[in-house]
Amino acid sequence: MVISGPPSIDFDRALGANAAMAITPRDEADAANIGMIWKNAGWLGVVPILLNFVALFSTGYITRRVGPEQFGRFNLSFSLITLTLIVTDLGLRALAVRDLARGGRGARHELNDLLSLRLMMALLAMMLAWLLAAGASWLGKPSLAHVMLISSFGILPTALTGTLTDGLIARDKARITSVSTFWSGTLLTVASVIAVAISPTELALATSYLVGPIVNMAMLARSSRTLYGPARLRWRPRQWRVLVRRAIPFYRISIVGVVLGRIELPLIAALFGDRMVGYYSAAMSLADRLSAVIDSVTTAALPTLMRLGGDAKRITSVLARIMYPLLGALLAGAVMASTGTTAAVSVVFGAEYAAGGPALAVGLFILPMNAMNALIFEGFVALRRVDFVAGTILRGQIVNGVLLLILVPSIGIIGGPVAKLLSGMTIALSRVEASRKAFPGLWSRVYLGPLSRRTLWALPVPFLVLFGHFRPLVTVLVAGGAFLVWVAATARTSGVLALLRPRAAP
């Protein structure tokens, strides 16, 4: 792999003990940058993976207790209630991070204005959620309506938590938000397990899920008080209109994605019933948890890319040495797990949920596509070309919506992840084509060759699983063990381990 900068050198060889060329100060700086990205990604990725691992098996216990139909109704109500949260944002979160990062004497007043506005909009969203619940009751689904009413009380703490998080991140206090998320997630997991152990109903589960947002809001409010002083809610409609008007440009693209991301479960429920929603939600929770971690990991690269000062060659170099190892791991993992997803769903959630296995198999192949799209996006952000990538997002979202309405009725619940995969490919084609000019050499054979070979190493595993006729637990252990061996071998041969021990950047 080639790191740009005079003189051009083969950095993989330069990392070895027998390097034939001297490493330039710029190469040393890029090595330190790459190593720091991987370390940050490790903190952002490993800890959530461990927490999600515990939460996943607690979800397995919950699904067994409440059954697929009640679990489906819970997820359907949660999806509908989350849809109303778009009313509370309008782009205010993006505006908050940008404005509050400037600090100054006005930061405390602006945070209070944002909190007051989000509170009013959260109350509006709650009323909208109650109307949706009334509609569900009118349609003859009283159980769904009751769950929606309980879930609606989580809108207010969730909205306020978003603003408090933005205020802390604007002051470089991301560690505080991570700690708060960890403890609120842990308490939510404990509360949900206890709730369904006492009463195995979707109502008890929905009530327990209020614990997370409330605890998170309380912890963040205490931390925010030390930076911004006590929160004061103020009635300032004129200032609220100014904030909304300034925030709307950040919102125009995201709203389409939020809506499309939430209509999937209602569509499945309308076509196939609540039980099938339960099968689908349980299976896809595996991919969704990994997707959330990958979002955090890819985000770790953005600050470093921004500090490269718009130097396209250096951005290309750093981007490639982060993207290709991540792509390799995700592709190999998807290949190895492709024939074992039904077994994995059966082990975690029970044999009754095995119908969601094929949907999970497709969902795993979405992960490398999303990771690639996210990293290219961050590269363009580092070049200050946000308008282009925003356009590609909108096109992909339109494709996703059209395919969702076609594929789900025609091929069943697997149509949802297939639509997401195809829309992700649409976004990827546009970004890859544009990145060939913006990041010269990013798609060269120097990078694509090793990626192809390392992915091919994973191919024997699905054949072994397919023809081995193992029990579900053995299948999961074989695929998981093979992936860990693959990761260890490729980390050693690709020089990633050396990058984790970089010298300080000059």
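In this predicted model, the side chain of Asn216 reaches the side chain of Ser180 in a polar contact of 2.3 Å. Asn216 sits in helix H10, which runs over residues 211–228. With a relative accessibility of just 12%, Asn216 falls under the 20% cut-off and so counts as buried. Ser180 has company here: once neighbours within four places in sequence are set aside, Asn216 is also in contact with Thr161, Thr181 and Ser184.

Salt bridges come next, and the whole structure holds six of them. Glu69 is a good place to start, as it turns up in two pairings. One partner is Arg73, with the closest N and O atoms 3.5 Å apart. Both residues belong to helix H2 (residues 25–84), and because they are four residues apart, about one helical turn separates them. Arg73 is buried, at a relative accessible area of 14%, whereas Glu69 is partly exposed, at 36%. The other partner is Arg275, and here the closest N and O atoms are 3.9 Å apart. Arg275 comes from helix H14 (residues 274–299), so its bridge to Glu69 in H2 ties together parts of the chain that are 206 residues apart in sequence. Arg275 is partly exposed too, with 36% relative accessibility. These pairings belong to a wider picture, since Glu69, Arg73, Arg275, Glu202 and Glu352 are linked in a network of salt bridges.

Another salt bridge joins the side chains of Arg236 and Asp113, at 3.1 Å from N to O. Arg236 lies in the loop between H10 and helix H11 (237–251), while Asp113 lies in helix H5 (residues 107–138), so this pair ties together parts 123 residues apart in sequence. Asp113 is buried, with a relative accessible area of 3%, but Arg236 is partly exposed, at 31%.

Helix H17 (residues 341–349) is mostly covered, with seven of its nine residues buried. Among them are Ala343, Ala344, Val345, Val348 and Phe349. Right after H17 comes Gly350, which takes a positive phi of about 110°.

How far can the model be trusted? The protein chain has a mean pLDDT of 76, and 75% of its residues reach 70 or more. Confidence is highest in helix H9 (residues 202–208), at a mean of 87, and lowest in strand S2 (residues 9–10), at 30. Residues 1–25 stay under 50, although the model gives them 51 contacts beyond four places in sequence. Residues 502–506 stay under 50 as well, with 11 such contacts. Where pLDDT is low, the predicted coordinates should not be read in detail.

Key: Residues numbered from 1 in each chain as written. Predicted model: local features only at pLDDT ≥ 70, side-chain atom pairs only at ≥ 80, totals over all residues. Heavy atoms only, no water. pLDDT = per-residue confidence, 0-100. Helix = DSSP H or I, 4+ residues; strand = E, 2+ residues; numbered from the N terminus. Contact = heavy atoms within 4.5 Å. Buried < 20%, exposed > 50% of the residue type's maximum accessible area, 1.4 Å probe, protein only. Polar contact = N/O pair within 3.5 Å; in protein donor to acceptor, adjacent residues only side chain to side chain. Salt bridge = Lys/Arg side-chain N within 4 Å of Asp/Glu carboxyl O.
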